[in-house]
Amino acid sequence: MEAAKKKRLTLDLDPPFQRRLKAVAALKGVSMRQYCEVAIGRELMKDEESGVSGGGFDRQAFERVVAKRRQLFGGRRLPGNSADLIREAREIRDAETEHWA
């Protein structure tokens with residue numbers, strides 16, 4: 001049986017945070033990737049044990065999103081198109097990333 005293909009996750013970290021991560025990983029003798037995988041795995045396990053499931057987006061998850069939207073925005077609709085807002089946020093992120101590169 002063929003192993004599942006890995007998926008890539010990109011994180012934009014503040015330089016001081018990245019330096020801390022790099023130093024601690026080096027002191028432990030692991031790569032930053034390995035350190036992050038272990039840390040994320042530990043947090044996932046704690047969340048799953050406390051009842052937070054990553055098993056998919058079911059009806060309950062949808063209802064939680066709707067309730068949160070009501071809590072945050074009431075009956076108001078945000079102006080503009082959400083796809084445009086996401087595109088704009090990505091452009092800002094990319095410009096900031098280029099600045100730090």
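**Exercise 1. Find which residues line the second largest pocket, and sort them by class.**

Solution. The residues lining the second largest pocket are Arg-69, Phe-73, Gly-74, Gly-75, Arg-76, Arg-77, Leu-78 and Gly-80. The term needs care: on a 1 Å grid over the protein atoms alone, a pocket is an open set of points with protein on both sides within 12 Å along at least five of seven lines, whereas a cavity is a set of points where a 1.4 Å probe fits but cannot get out, and lining residues have an atom within 4 Å of a point. Next, sort the lining by class, where Ala, Val, Leu, Ile, Met, Phe, Trp, Tyr, Cys and Pro count as nonpolar, Asp, Glu, Lys and Arg as charged, and the others, Gly among them, as polar. The result is 2 nonpolar, 3 polar and 3 charged residues. Finally, the volume of the second largest pocket is about 190 Å³, a volume being the space filled by probe spheres set on the grid points, which are joined across faces, edges and corners.

The model is predicted, so local features need pLDDT of at least 70 and side-chain atom pairs count only at pLDDT 80 or more, while totals for chains, interfaces and linings use all residues. Residues are numbered from 1 along each chain as its sequence is written, and side-chain values use heavy atoms, with hydrogens and water left out.

**Exercise 2. Describe the largest pocket and state which helices contribute to its lining.**

Solution. Begin with the space itself, which comes to about 720 Å³ in the largest pocket. Of the 21 residues that line it, Leu-9, Thr-10, Leu-11, Asp-12 and Leu-13 are the closest to its centre. Then turn to the helices, which are DSSP runs (H or I, at least four residues) numbered from the N terminus, as are strands (E, at least two). At least two lining residues come from each of α1 (15–28), α2 and α4 (82–100), and α2 supplies the largest share, with 5 residues. Sorted by class, the lining of the largest pocket holds 9 nonpolar, 3 polar and 9 charged residues.

**Exercise 3. Compare the reach of α1, α2 and α3 with the expected span, and name the residue that follows α1.**

Solution. The expected span of a helix is 1.5 Å times one less than its number of residues. For α1, with 14 residues, the span should be 20 Å, and the end C-alpha atoms are 20 Å apart, which agrees. Helix α2 (residues 32–49) has 18 residues and reaches 26 Å from its first C-alpha to its last, close to the expected 26 Å. For α3, the 15 residues reach 21 Å, again close to the 21 Å expected. After the helices, look at the glycines: α1 is followed by Gly-29, whose phi is positive, near 75 degrees, α2 is followed by Gly-51, with a positive phi near 105 degrees, and α3 is followed by Gly-74, with a positive phi near 60 degrees.

**Exercise 4. Work through three salt bridges, giving the distance and the exposure of each partner.**

Solution. Side chains of opposite charge can pair when their charged atoms come close. Here a salt bridge is a side-chain nitrogen of Lys or Arg within 4 Å of a carboxyl oxygen of Asp or Glu, and by this rule the count comes to 5 salt bridges. For exposure, buried means under 20% relative accessible area, exposed over 50%, and partly exposed in between (1.4 Å probe, protein chains only).

- Lys-46 pairs with Glu-43, their closest N and O atoms being 3.0 Å apart; both lie in helix α2, 3 residues apart, about one turn of the helix. Lys-46 is partly exposed at 46%, and Glu-43 is partly exposed at 38%.
- Arg-59 pairs with Glu-63, with closest N and O atoms 3.2 Å apart, and the two are separated by about one helical turn because they are 4 residues apart in helix α3. Arg-59 is exposed at 59%, while Glu-63 is partly exposed at 42%.
- Arg-87 pairs with Asp-84, with closest N and O atoms 2.7 Å apart, and these residues stand 3 apart in helix α4, about one helical turn. Arg-87 is partly exposed at 44%, and Asp-84 is partly exposed at 43%.

**Exercise 5. State the confidence of the protein chain and of its elements.**

Solution. Confidence is given by pLDDT, the predictor's confidence in each residue, from 0 to 100. The protein chain averages 85, and 90% of the residues score at least 70. Among its elements, α1 has the highest mean pLDDT (95) and α4 the lowest (83).
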